[in-house]
Structure formats: structure tokens, C-alpha cells
Amino acid sequence: MNNRVRHWVAPALLTVVAAAHQPAQARVAELADPPATTFGCTLQQDQLRRAIIAGLAVRGWTAADLETGKLVGKVNVRGKHVLEVSIRYTPTSFDVDYLTSTNLNYREKNGVRQIHPNANTWMQNVNQDILAQAQIACN
């Protein structure tokens with residue numbers, strides 16, 4: 001091997017080896033709680049509670065009562081990623097908010113809550129599923 005080739009091969013190999021030992025950069029996005037949502041009618045507390053539980057179940061979420069007018073929704077994805085949300089509800093609306101998570105890269109940085117972007121998608125999806133069930137209960 002001539003000196004020119006040897007001169008750039010060694011640093012190139014070191015760069016490749018160093019990169020292979022770097023942890024993968026975790027994907028994060030600003031955490032975006034869905035806005036409070038109205039559904040176009042007035043429901044009894046138990047009607048809306050049942051609609052919320054049905055909406056959670058659409059994508060495999062579970063529900064637990066926290067207090068009157070508030071549930072906790074939980075999803076466990078592949079036995080590895082867990083997301084919990086609080087769901088406050090009144091006769092005319094509900095509000096899904098991040099509560100806690102496991103293995104979703106949650107952190108606060110400079111006062112901004114950050115999380116894996118899939119968590120935002122999951123919260124938006126469950127919000128839409130609850131809305132659909134609440135609208136069914138309205139009819």
C-alpha cells in the first residue's frame with residue numbers, strides 16, 4: 001500500500017469505528033397535548049365515561065378511574081413503550097393531556113416538553129377515537 005492511500009485509510013477507518021460506537025440520536029418533538037374537544041351535545045357523566053373507555057379501546061388503550069370526571073388512559077406498545085394520559089371530561093367536552101411515559105424519550109429542555117413524535121400521534125389518534133365515540137353517544 002502506498003503512503004497516499006495509507007494516509008487517508010487509517011483516519012477513515014477510525015471515523016467509521018467511532019461512529020459505530022456513538023448512540024443513535026433519539027427522535028424527539030415538542031410534546032403536543034390535543035386541545036380540549038367538544039362533541040356537539042350534552043351527555044350524562046356516565047355516558048361520556050363509557051364513550052371515553054370505548055374510544056380508548058379502539059387502539060388497545062386501557063382505562064382507569066382517577067376521580068370523578070377524570071380517567072387515566074394507558075397504552076403499552078410492543079411491551080416496551082408506555083404512554084399514559086389523563087382525560088378530564090365534562091358533559092360537553094373532554095381534554096386529553098400527557099401524564100407520563102416509559103421509553104418515549106420524554107424530557108424538558110429549556111422549559112419545552114419533548115417526547116418521541118409517535119407519542120404525539122398516539123395522543124391525537126386516541127383523541128379522535130374518543131370524539132367519534134362521544135358523537136355516537138350523542139345520537
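Let me begin with one pair of residues: Ser86 stands opposite Asp97, which belongs to strand 6. This is a predicted model, and everything I describe was computed from it. Helix 2, residues 45–57, packs on the sheet and touches strand 3, strand 4 (70–77), strand 5 and strand 6, with a direction that makes about 160° with that of strand 5.

Let me step back to the sheet itself. Five strands form an open sheet in the order 2-6-5-4-3, and the pairing is antiparallel. Strand 2 (37–38) and strand 3 (62–67) stand at the edges with a single partner strand each, so one side of each has no neighbour in the sheet.

Moving inward, strand 5, residues 81–90, and strand 6, residues 93–102, pair in the antiparallel sense over nine bridges, and a hairpin of two residues joins strand 5 to strand 6. Another facing pair here is Glu84, which stands opposite Thr100 in strand 6. On the other pairing of strand 5, eight bridges join strand 4 to strand 5, and these two strands run antiparallel; Lys70 has Arg88 in strand 5 as its bridge partner. The hairpin of strand 4 and strand 5 has three residues between the strands, and in that hairpin Arg78 takes a positive phi near 55°. Strand 5 is mostly covered, with seven of its ten residues buried.

Now to the helices. Helix 3, residues 117–138, lies across strand 2, strand 4, strand 5 and strand 6, and runs at about 150° to strand 6. Helix 2 has 13 residues and reaches 18 Å from its first C-alpha to its last, close to the 18 Å expected at 1.5 Å a residue.

Which residues of helix 2 are buried? They are Leu48, Ala51, Ile52, Gly55 and Leu56. Seen down the axis of helix 2, these buried residues fall within an arc of 135°, so they line one face of the helix. What they pack against is strand 3, strand 4, strand 5, strand 6 and helix 3.

That brings me to the charged contacts, where the structure holds six salt bridges; I will take up some of them. In one, the side chains of Arg49 and Asp65 meet at 2.9 Å, N to O. Because Arg49 lies in helix 2 and Asp65 in strand 3, the pair ties together parts that are 16 residues apart in sequence. As for accessibility, Arg49 is partly exposed, with a relative accessible area of 24%, and Asp65 also counts as partly exposed, at 49% relative accessibility.

Arg88, already mentioned as the bridge partner of Lys70, takes part in further salt bridges. The side chains of Arg88 and Asp95 meet at 2.8 Å, N to O, while those of Asp97 and Arg88 meet at 2.9 Å, N to O. Are the three residues buried or partly exposed? Arg88 counts as partly exposed at 39% relative accessibility, whereas Asp95 is buried, with a relative accessible area of 14%, and Asp97 counts as buried at 16% relative accessibility, because the cut-off for buried is under 20%. Salt bridges that share partners join Arg88, Asp95 and Asp97 into one network.

This returns us to the opening pair, since Asp97, the residue opposite Ser86, is also a member of that network.

Key
Residues are numbered from 1 along each chain as its sequence is written. This is a predicted model: local features need pLDDT of at least 70, side-chain atom pairs count only at pLDDT 80 or more; totals for chains, interfaces and linings use all residues. Side-chain values use heavy atoms; hydrogens and water are left out. Two strands pair if DSSP finds at least two bridges between them. Helices (H or I, at least four residues) and strands (E, at least two) are DSSP runs, numbered from the N terminus. Contact means heavy atoms within 4.5 Å. Axes are lines fitted to C-alpha atoms, for helices over the stretch in contact, and angles run from 0 to 180 degrees between N-to-C directions. The expected span of a helix is 1.5 Å times one less than its number of residues. Buried means under 20% relative accessible area, exposed over 50%, partly exposed in between (1.4 Å probe, protein chains only). The arc is that of the directions from the helix axis to the C-beta atoms. A salt bridge is a side-chain nitrogen of Lys or Arg within 4 Å of a carboxyl oxygen of Asp or Glu.
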